[in-house]
Amino acid sequence: MLLPVRIVDARVIVTCPGRNFVTLKIVTDEGVTGVGDATLNGRELSVAAYLTEHVIPTLIGRDPARIEDTWQYLYRGAYWRRGPVTMSAIAAVDTALWDIKGKVAGLPVYQLLGGRSREGVTVYGHANGDTVDDVLTAVASYVDLGYRAIRVQTGIPGLPVTYGVGKDKLFYEPADAAIPTESAWSTERYLSFIPSVFARVREEFGPTLKLLHDVHHRLTPIEAARLGRSLEPYALTWMEDPVPAELQEGFRLIRQHTTTPIAVGEVFNTIWDCEQLIREQLIDYIRATVVHAGGITHLRRIFDLAALHHVRSGSHGATDLSPVCMAAALHLDLAIPNFGLQEYMRHTPATDEVFPHGYHFADGYLHPSEAPGLGVDIDEDLAAKYPYRPASLPVNRLEDGTMHNW
Ligand code: GCO
Ligand code: MG
């Protein structure tokens with residue numbers, strides 16, 4: 001008689017190969033392992049504790065094949081629903097169980113999700129610089145690397161530092177100190193400068209390159225409407241996170257005034273954070289991620305709702321989402337019908353070594369691994385050589401000292 005398969009071990013691995021990552025590894029009694037990303041930038045140890053204290057004890061002895069039931073158990077069963085810590089922990093379990101299911105089936109996860117809907121996953125890279133000339137050089141280098149879509153961020157004259165302008169061109173990392181550093185913001189300086197940057201980029205690179213810009217939640221709806229309108233001549237693929245999104249109906253105002261497409265969602269945790277945005281077609285791209293939005297199971301649900309309402313995916317892929325999250329995202333990106341774009345900020349070589357993976361970049365596309373499961377792992381011995389280092393995201397103030405959104 002065949003004995004049912006059970007989870008016999010689950011452990012949390014915290015490592016800092018350049019930045020902090022939290023990874024869950026689940027092991028079955030047949031020796032199959034699965035990994036899930038649980039990284040929440042600047043709050044890593046909260047998710048690690050949630051997993052260790054509250055989730056792992058309930059996983060031991062469970063059937064790893066029951067992905068949906070486990071998701072419902074952890075979501076409904078916790079009584080306290082939603083929030084980034086809980087949903088990142090659920091995501092890690094869910095992702096690891098999909099990895100196990102793929103390995104048991106002998107198939108890459110995208111095959112379990114319905115198979116390939118496209119040949120590759122179009123990604124966008126980050127061109128940034130302190131000055132417009134630096135930005136133009138950075139865009140040219142991404143074009144040379146083969147990117148088909150490029151996000152453009154620049155320093156703003158009069159502001160000492162600006163979001164999105166990294167020290168290191170390929171691995172922008174804003175979490176830079178244990179106690180948050182402070183940056184300054186001026187909406188007036190920003191709004192008056194940004195259109196001239198895109199005018200120069202279009203002049204140099206022509207009308208067809210996909211261009212994106214991240215506002216990082218800093219405007220009010222009417223300010224965002226003005227920005228969107230002033231960028232219309234430069235035909236952006238999207239303006240990202242134009243306003244903080246707690247108030248979903250706020251996006252109606254932006255929509256009434258501009259045809260610049262809108263992307264939002266990197267801080268969303270569940271379908272309830274974007275249900276109105278999607279249902280009322282107030283956005284064009286939903287940018288939630290596997291790790292912060294409850295795993296492959298829940299993100300698939302969000303993307304399916306989006307597909308009904310002409311909204312495409314645009315998944316977040318900054319360096320604080322580990323290669324495990326990136327691998328999981330790529331399987332989903334390849335399978336869903338309404339894929340839009342995938343962000344791809346490269347990891348440092350040290351991170352790539354700690355997380356051996358089979359996905360690869362070619363010609364502006366990322367291709368997931370064809371190995372069974374997710375095609376990514378964590379080298380636990382190497383991970384142990386990089387102990388956790390406290391690091392927080394910055395905070396942001398207006399020039400008069402008022403706290404603002406970072
Ligand atoms: C993006 C994001 C990131 C976030 C970071 C926070 O679009 O890639 O805005 O740069 O700031 O992921 O942890
Ligand atoms: Mg962003």
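## A walk around a cavity, a metal site and a pocket

Gln153, Thr154, Thr162, Tyr163, Trp185, Tyr190, Ile194, His213, Asp214, Val215, His216 and Arg218 form the lining of the largest cavity. Keep in mind as you explore that this is a predicted model.

**The cavity**

The volume of this largest cavity is about 80 Å³. How many cavities of 30 Å³ or more are there? The count comes to one. Which elements each supply at least two residues of its lining? They are β5 (149-154), α6 (187-205) and β7. Sorted by class, the lining of the largest cavity has five nonpolar, five polar and two charged residues.

**The magnesium ion**

One residue from the cavity wall, Asp214, takes us on to the metal. Which residues are the protein donors of the magnesium ion (ligand 2)? They are Asp214 (OD), Glu240 (OE) and Glu266 (OE), and they lie 2.0 to 2.2 Å from the ion. Along the sequence, the spacing of these donor residues is D-x25-E-x25-E. Asp214 sits in strand β7 (residues 210-214) and Glu240 in strand β8 (residues 238-240), so this pair ties together parts that are 26 residues apart in sequence. Are Asp214 and Glu240 buried or exposed? Both Asp214 and Glu240 are buried.

**Ligand 1**

Now let us turn to the other ligand. Around ligand 1 there are 15 residues, and those that come nearest are His216, Glu240, Glu266, Asp320 and Glu343. Two of these names, Glu240 and Glu266, have already appeared as donors of the magnesium ion, and His216 has appeared in the lining of the largest cavity. The table lists three side chains that have a polar atom close to an oxygen atom of ligand 1.

| Side chain | Distance to an oxygen atom of ligand 1 |
|---|---|
| Arg151 | 3.2 Å |
| His216 | 2.8 Å |
| His316 | 3.1 Å |

**The largest pocket**

Besides the cavity, you can look for the largest pocket, which has a volume of about 970 Å³. Its lining is made up of 38 residues, and the closest to the pocket's centre are His217, Glu266, Val267, Leu393 and Trp406. Glu266 is thus one to look at again: it is also a donor of the magnesium ion. What classes of residue line the largest pocket? There are 16 nonpolar, 12 polar and 10 charged residues.

**Two residues with a positive phi**

Most residues other than glycine have a negative phi. Which residues here have a positive phi although they are not glycines? Ala235 is one of them, with a phi of about 45°, and Gln281 is another, with a phi of about 55°. Where are they placed? Ala235 is in the loop between α7 (221-231) and β8, while Gln281 is in the loop between α9 (275-279) and β10 (285-286). Ala235 has a relative accessible area of 46%, so it is partly exposed. Gln281 has 39% relative accessibility, so Gln281 counts as partly exposed too.

**Side chains that reach the backbone**

Two buried loop residues are worth finding next. Ser369 lies in the loop between β14 (365-367) and α13 (380-383). Its relative accessibility is 8%, so Ser369 counts as buried. What does the side chain of Ser369 reach? It reaches the backbone nitrogen of Ala371, at 3.0 Å.

Gln248 is found in the loop between β8 and α8 (250-257). With 11% relative accessibility, under the 20% cut-off, Gln248 counts as buried. The side chain of Gln248 reaches the backbone oxygen of Asp273 at 2.8 Å.

**Sequence and space**

To finish, here are two pairs of residues to find in the structure. Val27 is in strand β2 (residues 21-28), and at 14% relative accessibility Val27 counts as buried. How far apart are Val27 and Val8 in space, C-alpha to C-alpha? The distance between them is 5.9 Å, and they are 19 residues apart in sequence.

Phe205, in turn, belongs to helix α6, which also supplies residues to the lining of the largest cavity. At 23% relative accessibility, Phe205 counts as partly exposed. Phe205 and Asp63 are 142 residues apart in sequence, and their C-alpha atoms are 53 Å apart in space.

Conventions. Residues are numbered from 1 along each chain as its sequence is written. Chains are lettered from A and ligands numbered from 1 in the order in which they are written. This is a predicted model: local features need pLDDT of at least 70, side-chain atom pairs count only at pLDDT 80 or more; totals for chains, interfaces and linings use all residues. Side-chain values use heavy atoms; hydrogens and water are left out. Donors are N, O and S atoms within 2.8 Å of the metal (3.2 Å for Na, K and Ca); water is not among the atoms, so sites may look incomplete. Helices (H or I, at least four residues) and strands (E, at least two) are DSSP runs, numbered from the N terminus. Buried means under 20% relative accessible area, exposed over 50%, partly exposed in between (1.4 Å probe, protein chains only). On a 1 Å grid over the protein atoms alone, a cavity is a set of points where a 1.4 Å probe fits but cannot get out, and a pocket is an open set with protein on both sides within 12 Å along at least five of seven lines; lining residues have an atom within 4 Å of a point. Grid points are joined across faces, edges and corners, and a volume is the space filled by probe spheres set on the points. Ala, Val, Leu, Ile, Met, Phe, Trp, Tyr, Cys and Pro count as nonpolar, Asp, Glu, Lys and Arg as charged, and the others, Gly among them, as polar. A residue is near a molecule or strand if one of its heavy atoms lies within 4 Å of it. A polar contact is a pair of N or O atoms within 3.5 Å; within protein, one must be able to donate a hydrogen and the other to accept it, and residues adjacent in sequence count only if both atoms are side-chain atoms.
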